Amino acid sequence: MQDIIFSEKARELRALARQIADEHVRPKAAQYDKAQEYNWEAKEAVAQAGLFRTWIPEEYGGHGAGVLALAGVTEELAKADSGFGVAFAVNALGSFPIILGGTEEQKKRWLPQVASGEKMVAFCLSEKFAGSDASGLAVRAYEDGDEWVICGEKKWTTNGGVADIYSVFCVTDPDSKSRRISAIVVEKGTPGFEVKKVEDKMGIRTVPVVETHFDNVRVPKDNLIGGRAGLGFRHAMATLDYARPGVAAQAVGAAQGALNLANVYANRRQQFGKPISGHQMVTKMLADMAMKTEAARWLVYAAAASIDSTGPGPTASKMAALAKCYATDVAMDVATDAVQVFGGYGFMEDYPIAKYFRDAKILQIYEGTNQVQRMVIGRHLIREAAELEPLQEFIPQETQEEYAPKGVAADA
Ligand code: CAA
């Protein structure tokens, strides 16, 4: 178990994020949602305040404040607008492959530009026929002289179009099982690289989610992350372990934002001669929403602190999945109940709560569906069962033999 300690820097960054959320995000959230426009004003404020430096190591112009600080900043932004929360956090998702797997030269080349906010980043993993099964990619990259040539289409690229740097996962060795995939950086403006479809989404409408198309896109060999082919799947998995607490923090912010609105509304709205917050069934709903949000918050902090302490590996993977799955399920539950508290008005777009409900659903889907998170958690538990062998003496022998044959694999 890891102590949860917020550094001075983490506290300072979080306070800045709250201020930006109050001044530049919340007041215009409905407007950008409706227009499906990116909130450039808030992005500039985030860059000026140095918040893009949060997760970037100090050697490359960042604050090196880690995943816990990133969670705090994301939570504050998402409390005001979940869409802007991911518009911010996806820069971490896109740059973690370079941080965790890049060469020294690659880190020096790209990370300072991300830290300053000069360049934004996107993560291109999913494809039309490869979502949860992330190893089943089809986008192909092959070597030609001093270049990699990339062909194919990616789906669900968050920040696509506004980002300048894209971490693209491609098949470089179709015959290999474990070293099939590599991550390659493609920069905006490279000939053959295009955003072809901007998705019309149910929620998080301020941030673009697009299809990215690669038509014989040529990049220098130096753009291969880590300098060696075949490491891409590991880079993708380690990246997701680092980024999932960010989605989880987005969920906590979204849940808290919805709860705050429901709480205020319930104290104003009068029915049967008193505020509805005084009616027991509504009081219970609000109390449950608060309990779940607070529990999710501390699980997210625990996961983030643990990842900062242990680095990539099984603990990071399990903690990230626990936090992502739990917090995003909570956000959906809390947003649903918040709409219920608002009654008929909750269903109307004149009120801000409908947006929290629309925004919440994607949290249970992206950066690994909650079914995938449960699968990851289950696999870890089965592995851990071996370490709990001494407990076997408390399980009657006959039951073990009959019902628990050794070597059961998680669904795999
Ligand atoms: N860290 C490092 N390595 C890992 C790892 C981890 N967390 N998890 C697995 N690996 C390694 C394994 O050790 C194994 O290595 P070897 O071949 O050397 O043994 C290899 O990767 C394959 O592992 P698995 O057999 O466990 O892989 P799998 O095919 O069963 O898939 C999975 C596992 C967990 C389902 C994975 O495919 C997964 O996470 N899927 C979800 C993908 C996802 O989250 N997509 C979202 C994309 S981002 C997005 O949503 C858009 C956006 O822009 C916001």
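The following conversation goes through a predicted model, from its domains to its ligand and a few single residues.

Residues are numbered from 1 along each chain as its sequence is written, and side-chain values use heavy atoms, with hydrogens and water left out. Because the model is predicted, local features need pLDDT of at least 70 and side-chain atom pairs count only at pLDDT 80 or more, while totals for chains, interfaces and linings use all residues.

Trainee: How far apart do the C-alpha centres of domain 2 and domain 3 lie?

Mentor: The domain assignment of the protein chain, whose bounds come from an automatic or database assignment, gives domain 1 (8-119), domain 2 (123-230) and domain 3 (233-387). Between domain 2 and domain 3 there is contact, meaning heavy atoms within 4.5 Å, and it involves 12 residues of domain 2 and 14 residues of domain 3. The C-alpha centres of these two domains are separated by 29 Å.

Trainee: Which residues around the ligand come nearest?

Mentor: A residue is counted as near the ligand if one of its heavy atoms lies within 4 Å of it. By class, this shell has 13 nonpolar residues (Ala, Val, Leu, Ile, Met, Phe, Trp, Tyr, Cys and Pro), five charged ones (Asp, Glu, Lys and Arg) and eight polar ones, the class of the others with Gly among them. Of the 26 residues around the ligand, the ones that come nearest are S132, D241, R244, E367 and R379.

Trainee: How much of the ligand's area does the protein bury?

Mentor: Consider the polar contacts, which are pairs of N or O atoms within 3.5 Å; within protein, one must be able to donate a hydrogen and the other to accept it, and residues adjacent in sequence count only if both atoms are side-chain atoms. A polar backbone atom of S132 is 2.8 Å from a nitrogen atom of the ligand, while polar side-chain atoms of T158 and R244 each lie 2.9 Å from an oxygen atom of the ligand. Taken alone, the ligand exposes 1,100 Å² by the Shrake-Rupley method with a 1.4 Å probe, and of that area the protein buries 72%.

Trainee: Which element gives the most residues to the shell around the ligand?

Mentor: Helices (H or I, at least four residues) and strands (E, at least two) are DSSP runs, numbered from the N terminus. Those that give two or more residues to the shell are β3 (147-158), α7 (232-268) and α11 (370-385). With seven residues, the element that gives the most is α7.

Trainee: Is S167 buried or exposed?

Mentor: S167 lies in strand β4 (residues 165-171), and its side chain reaches the backbone oxygen of G94 at 2.8 Å. Leaving aside residues up to four places away in sequence, S167 touches G94, P97, A122, F123, C124, I184 and I225. Buried means under 20% relative accessible area, exposed over 50%, and partly exposed in between, with a 1.4 Å probe and protein chains only. The relative accessible area of S167 is 0%, so this residue is buried.

Trainee: What is the phi of N216?

Mentor: N216 is found in strand β7 (residues 209-220), and at 40% relative accessibility it counts as partly exposed. Although N216 is not a glycine, its phi is positive, at about 50°.

Trainee: How many of the eight residues of helix α10 are buried?

Mentor: The buried residues of α10 (residues 353-360) are I353, A354, K355, Y356, R358, D359 and A360. They pack against α2, α4 (66-80), α5 (82-101), α7 and α9 (314-342). The helix is mostly covered, and of its eight residues the number buried is seven.
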